[in-house]
Amino acid sequence: MSTNDNKALSRRVYDEIFNGRNLGLIDELLREDFVEHEELPGLPAGREGMRYFTQSTLEGIPDLSVEIEDMIAEGDKVVARVRFTGTHEGEFMGFAATGNKIDFAAIDVLAWHDGKATDHWGVTDTAAMLTQVGAIDPVD
């Protein structure tokens, strides 16, 4: 598949799975042996981990919106700089709802093969996210 095809598939992850709340698309877009390299404690392996993460994020931040700010592709990999925004209205990553607005960035790398994601690597601005959900004190 071309880099443009892979970019279009990556856009579907954000636009249709996260923003469209279509968790059923996970089975279509991620291989069964999908590997998550940005492991979080308690997250199941493979695409079940993606399903769990997405579902729990949407439960904790029901008005979640993910905006793609930049996307670059080369070969089988697509790099996206994205922004997550919403309101912390339910339990999120073990933290009780605060009603706080959240706004944090992430860099994701997805590898694609024959129209399905094989791997994900990511770096999330965890400090900003944890500050906004009240888990850590802001730095002055």
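Student: What does buried mean, as opposed to exposed?

Tutor: Buried means under 20% relative accessible area, exposed over 50%, and partly exposed in between (1.4 Å probe, protein chains only). This is a predicted model: local features need pLDDT of at least 70, side-chain atom pairs count only at pLDDT 80 or more, and totals for chains, interfaces and linings use all residues. Residues are numbered from 1 along each chain as its sequence is written, and side-chain values use heavy atoms, with hydrogens and water left out.

Student: Is His 88 buried or exposed?

Tutor: His 88 is buried, with a relative accessible area of 0%. A contact means heavy atoms within 4.5 Å. Not counting residues up to four places away in sequence, His 88 touches ten residues' worth of neighbours listed here: Gly 60, Ile 61, Phe 95, Ala 96, Ala 97, Thr 98, Gly 99, Asn 100, Ile 102 and Val 133.

Student: How do I read the nonpolar core?

Tutor: A nonpolar core is a set of buried Ala, Val, Leu, Ile, Met, Phe, Trp, Tyr and Cys residues joined through side-chain atoms within 4.5 Å. The largest one here has 32 residues. Val 13, Phe 18 and Phe 84 have the most contacts inside it. Phe 84 touches Phe 18 and Phe 104, among others, not counting residues up to four places away in sequence.

Student: What is a pocket?

Tutor: On a 1 Å grid over the protein atoms alone, a pocket is an open set of points where a 1.4 Å probe fits, with protein on both sides within 12 Å along at least five of seven lines; lining residues have an atom within 4 Å of a point. The largest pocket is lined by 25 residues. Glu 38, Phe 53, Asp 108, His 120 and Thr 124 lie nearest its centre.
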